[in-house]
Amino acid sequence: MNRVIVIKLGGATLGSHDTAIEDAVRLQQQGNSLIIVHGGAKVVTEWLSRQGIPTRFVRGERVTDAAALEMVAAVLGGLVNKEIVAAINGRGGQAVGITGIDGNLIQGKIRDEEMGYVARIVKVNTALLETLLQSGYIPVVAPLSMHSFDRPDGAPLMLNVNGDTVAAEIAAATKAERLIFLTDVAGIWDQSGKLIPELLSSEAEALIASGTVSGGMIPKIKACLGALPYTSVTRIIDGRQPHALLREIEGTGVGTTIKGI
Ligand code: ADP
Ligand code: MG
């Protein structure tokens with residue numbers, strides 16, 4: 001089997017004007033094996049606020065109580081996932097939408113009481129991904145996890161999990177050729193706001209500690225660092241640019257490469 005390309009679609013790339021879907025279909029038709037992982041935090045927040053439920057983020061991640069977990073499952077596992085699958089299929093691609101729960105793909109436990117029902121990933125089971133890839137489908141994965149380990153009595157069977165982390169864990173488990181994050185900025189910026197073309201793992205912690213990197217970029221960088229030993233290329237690129245994904249595969253993309261040492 002081809003080595004896979006794991007693509008994380010962030011909030012910026014879920015709009016209708018975006019070319020990421022078009023690019024993914026083209027890459028599939030060229031014979032590439034793709035796995036797409038998506039986020040959708042903004043859509044979940046919007047649906048929660050319609051019900052008058054406020055949202056709190058800590059270091060770029062949603063504090064998830066029982067009500068928020070239900071909404072995450074409904075909106076990410078349902079609406080957002082199906083919109084992406086429909087867009088791919090509608091453009092002549094072949095995609096199947098799943099969550100980390102399906103086929104026991106992502107198995108976790110509660111990471112930290114403060115965050116509520118948010119998973120630390122303990123195990124990844126790639127069997128379903130392999131089956132889908134071998135049958136010619138792009139698996140489109142919504143970030144939900146089985147609550148497989150240390151589950152307190154009465155706690156839910158599923159957990160919310162960060163999409164960046166899911167993408168990185170899947171890239172590591174499949175020894176992906178590339179892990180690409182499409183986000184809503186040009187890449188990682190330094191303290192003066194300039195794009196960092198190459199970030200070494202030894203520099204990453206300092207950027208987080210100094211506050212230069214904050215919010216949603218923190219889990220993204222941590223995810224990249226986790227995948228580094230297993231993945232050939234780890235990139236954070238600007239998903240707002242037309243054909244950012246195609247350019248990236250062709251080697252002319254702009255963004256930040258995360259590297260070891
Ligand atoms: P996504 O939907 O792609 O996961 P997030 O909003 O979670 O996007 O994370 C990307 C955001 O991280 C950017 O929009 C930016 O506001 C924020 N960010 C914080 N620090 C940095 C940094 N040093 N470089 C780039 N982006 C940063
Ligand atoms: Mg994010």
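1. Start with the company ligand 1 keeps. In this predicted model, the shell around ligand 1 is made of six nonpolar, seven polar and three charged residues. Of the 16 residues around the ligand, the ones that come nearest are Gly11, Thr183, Asp184, Thr212 and Lys220.

2. Next, the polar contacts. Thr212, one of those nearest residues, places a backbone N or O atom 2.9 Å from a nitrogen atom of ligand 1. Met217 also uses a backbone N or O atom, which lies 3.5 Å from an oxygen atom of the ligand. With Lys8 the side chain takes part: an N or O atom there is 3.4 Å from an oxygen atom of ligand 1.

3. How much of ligand 1 does the protein bury? Taken alone, the ligand exposes 570 Å², and the protein buries 79% of that. As for where it sits, ligand 1 takes up the space of the largest pocket.

4. If you want to find this site by secondary structure, look for strand 11 (178-183) and helix 7 (217-227), the elements that give two or more residues to the shell around ligand 1. They belong to a protein chain with eight helices and 14 strands.

5. Finally, step back to the whole chain. Its C-alpha trace spans about 50 × 45 × 35 Å along the principal axes. Does the radius of gyration agree or disagree with a compact globule? It agrees, because a compact globule with 261 residues would have a radius of gyration near 18 Å, and the protein chain has 17 Å.

Key:
Residues numbered from 1 in each chain as written. Chains lettered and ligands numbered in written order. Predicted model: local features only at pLDDT ≥ 70, side-chain atom pairs only at ≥ 80, totals over all residues. Heavy atoms only, no water. Near = heavy atom within 4 Å. Polar contact = N/O pair within 3.5 Å; in protein donor to acceptor, adjacent residues only side chain to side chain. Areas by Shrake-Rupley, 256 points an atom, 1.4 Å probe, with all protein chains shown as cover. 1 Å grid on protein atoms, 1.4 Å probe; cavity = no way out; pocket = protein on both sides within 12 Å on 5 of 7 lines; lining within 4 Å. Sits in = over half its atoms within 2 Å of the grid points. Helix = DSSP H or I, 4+ residues; strand = E, 2+ residues; numbered from the N terminus. Nonpolar A, V, L, I, M, F, W, Y, C, P; charged D, E, K, R; others polar. Rg over C-alpha atoms; globule rule 2.2 N^0.38 Å.
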